[in-house]
Amino acid sequence: MIAQDESRRTAQPKDPHAALARARGPRVQWFAYLYILPAFLIIGIFHILPVGYALWLSLQSGTVRRFQFAGLDNYVRALTAPEFWSALQTTLFYTLGTVPFTMALGLGIAYLLFQKIRGRSVYRTIYFMPYIISTVASAIVWAWVFDPRTGLANYALALFGIPAQQWLIEPTGIFKLIGESLQIGVPGWAEGPSLALVGIMIFAVWQALGFSVVIFLAGLGNINVEVYEAARIDGATGWQVFRYITIPLLAPTTFFILVISLIFSLQAFNHIFAMNRSAAQQLGGPLGTTRTLSIFMFQALYEQNRAGYASAIAVLLSLMILGLTLLQFRVLGNRGENA
Amino acid sequence: MNRDRFRKQFGNLLIHLTLIAGAVIVLFPFVWMLLGSVKSYNDATTAGFWPREWLWSNYRDAITVMNGSTPCQFDAANPFAILEQCLLLRYFVNTIFVGIAVVLGVLATSVLAGYAFARLNFPGRNALFAILLMTLMIPFELTLVPNFVFMTWFPTPESWLATTFGFSQEGIHNWINTYYALIVPFTASVFSIFLFRQFFRGIPNELFDAALLDGATHLQFLWSVVLPLSKPALVTSALLTFLGTWNALMWPLLVTNSPQMRPIQVGLTQFIGEAGTQVQLLMAGATLTVLPIMILYLILQRWFVEGISSAGIRG
């Protein structure tokens, strides 16, 4: 093979490696298509094809056995269903109640871990553990913590003289509950997420914390040490270094975690399913106050067997996720690998 | 000078105290689960911390409840029967079998594709790679319903062959409630292809030239030179893939409907209903499913953590 390549050349190259590189360079290696074929078959059938099919399905009514063209009916039905908007609101509550806390705590812990302390890897292992453990198993434990009769959460509240709560089976909004105990009237629009959803959010923050710690740690490691040294020499205090050097230089990582967390909270399913089940609630209960968009879509497919309607909801959900992804690309540009 | 050192040590102490407090909060549910799993019902439902009596039999009872109130018995004459009869074991076997099959599939498809994208020349290489990367933006929810419909269409190969050639009158079975549905759709991963491509690009050209001069084919070079050098990428890809199938819930819920096909997550959601208010049994069941992955994590924690931070993805 090499002799053939070299015989084509008129001048003998001096460096055999350069000759090899040139020989390999422009030639087309057709068998490469065989190498990528298996991956493309699977991804084509189960990831790319379904996108088109989902769009088609979203225009159909009927069940899996027999579809009928229904135009934009499913979309109209979804967008006019009060459940859709309340699911969107629940998703929004869930996002606002988990993402900022996960990020702030994650950054704080990562920053402390970054201070060249002893046992860093032990702490890291511990903080990351909830992220590894299966959601259903940890939901079982957390549902017990929030059990109204025997749970630790009410035990802890009692230490502060706060009456026992119903937690995962409480559909009343948290701000309304707080307002009632302080005897302040809270208007309906300001009720906030149900206490059941708050319980699930606490569980979700506990689980996702390790992820944000690990990513923030990686981001902190990417900051040039010399910048810190220069700041120290100029007499900056610890807080000033954190506020004026770490935070701005960490911005790409922070933004990356923000968008990823937003996307994952739009997709939230496992936590809610497992916690509902553990608290003996219907999916999305109590009174539908933990029904996020993913749950709403799953119910349309799994409980009502309406594949077209579920697809329409999935398309709407995907548009939101896609918007966030595009925003990420736009802001981060080529710096996406920073995290 | 002395004062500076004191301040520094005091600062370190504060950091440690904060981190330990956080670690206690993070670990507490695990401790509570382990303690709860050996308590009696009365102990578990009153707020004492330690169990008054250590009821190891909770584990056996949890397994029995999970098994539909029939105890799992080991029969020395027929040692493999227990895998059929004991649902907890069956769940584990399902999960591990599916996990290993998916990991092997992902590694095979991703190593080949990653190698092609990293080292081979072919028309459309960049465009095809860009298409792959774009599929990362497709949310799982969008493909869920179509893939579910596909599962009701696709015939299992063995039932199709048997029916077509007249060996069986049972008819063609679709992929619902089969391992095919749990395995095949997940045997390719864009993330892993990307990971291997990046890794293979870092392998020096000189190695390739040496192999080429020795007359090695690409497959030989890939198998005997590249793969032994790619252990970190292989481990990261395998671990993240395995974790993904281990934690999957929505898809197995949709495509399995008999206890014999359930993976552990779905089995556990079923168990929640069966154990009802028997908290100690719930904790024992949770412990039994958590321990294997926890041990795996403690042994391989460096790989898990570095895999996630290099990937920036959630399992």
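In the predicted model, helix α3 (residues 32-57) of chain A meets helix α16 (residues 307-332) of chain A, with axes that come within 8 Å and cross at roughly 115°. The crossing of α3(A) past α16(A) is left-handed. On the α3(A) side, the contact is made by Ala54(A), Leu55(A) and Leu57(A). On the α16(A) side, the residues are Ala307(A), Gly308(A), Ser311(A), Ala314(A) and Val315(A). Six of the residues in this contact are nonpolar and two are polar. None is charged.

Helix α3(A) also contributes to the contact between chains. That contact takes 82 residues from chain A and 75 residues from chain B. Of the side of chain A that touches chain B, the largest share comes from α3(A), with 16 residues. By class, this side of chain A has 63 nonpolar residues, 16 polar residues and three charged residues.

Chain A as a whole has 16 helices and two strands. It holds 339 residues, of which 41% count as buried. Among contacts in chain A with a separation of 6 or more, 69% join residues 24 or more positions apart.

Two further helix pairs in chain A share helix α14 (residues 270-278). The first partner is helix α10 (residues 195-221) of chain A. The axes of α10(A) and α14(A) come within 10 Å and cross at roughly 125°. The two helices are therefore oblique to each other. The crossing of α10(A) past α14(A) is right-handed. Ile200(A), Phe203(A) and Ala204(A) make the contact from α10(A). From α14(A), the residues are His271(A), Ile272(A) and Met275(A). Five residues of this contact are nonpolar, one is polar and none is charged.

The second partner is helix α7 (residues 135-145) of chain A. The axes of α7(A) and α14(A) come within 9 Å and cross at roughly 45°. This angle makes α7(A) oblique to α14(A). Here too the crossing is right-handed. In α7(A), the contacting residues are Thr135(A), Val136(A), Ala139(A), Ile140(A), Trp142(A) and Ala143(A). They meet Asn270(A), His271(A), Ala274(A), Met275(A) and Ser278(A) in α14(A). The contact of α7(A) with α14(A) has seven nonpolar and four polar residues, and no charged residues. His271(A) and Met275(A) of α14(A) take part in the contact with α10(A) and in the contact with α7(A). An α-helix has 3.6 residues a turn, so residues three or four places apart point the same way.

After α14 of chain A comes a loop that leads to α15 (293-302), and Leu287(A) lies in this loop. Leu287(A) has a positive phi of about 50°, although it is not a glycine. With 16 C-beta neighbours inside 10 Å, Leu287(A) counts as partly exposed.

A non-glycine residue with positive phi is also found in chain B. Asn177(B) has a phi of about 65°. It lies in the loop between α8 and α9 (179-183) of chain B. Asn177(B) has 17 other C-beta atoms within 10 Å, so it is partly exposed.

Phe154(B) is placed in another loop of chain B, between α7 (140-153) and α8 (157-164). Phe154(B) is partly exposed, because 19 other C-beta atoms lie within 10 Å, whereas a buried residue has 20 or more. Leaving aside residues up to four places away in sequence, Phe154(B) touches Asn174(B) and Trp175(B). Phe154(B) and Ala216(B) are 62 residues apart in sequence. In space, their C-alpha atoms are 40 Å apart.

Helix α10 (residues 190-201) of chain B has 12 residues. At 1.5 Å a residue, α10(B) should span 16 Å. Its end C-alpha atoms are 16 Å apart, so the model agrees with the expected span. Helix α10(B) is mostly covered, with 10 of its 12 residues buried. The buried residues include the aromatic side chains of Phe191(B), Phe194(B), Phe196(B), Phe199(B) and Phe200(B). Val190(B), Ser192(B), Ile193(B), Leu195(B) and Arg197(B) are buried as well.

Definitions and conventions
Residues numbered from 1 in each chain as written. Chains lettered and ligands numbered in written order. Predicted model: local features only at pLDDT ≥ 70, side-chain atom pairs only at ≥ 80, totals over all residues. Contact = placed C-beta atoms within 7 Å. Helix = DSSP H or I, 4+ residues; strand = E, 2+ residues; numbered from the N terminus. Nonpolar A, V, L, I, M, F, W, Y, C, P; charged D, E, K, R; others polar. Expected span 1.5 Å × (residues − 1). Axes fitted to C-alpha atoms, helices over the stretch in contact; angles between N-to-C directions. Parallel < 35°, antiparallel > 145°, perpendicular 65-115°, else oblique. Left-handed = near helix turned anticlockwise from the far one by under 90°.
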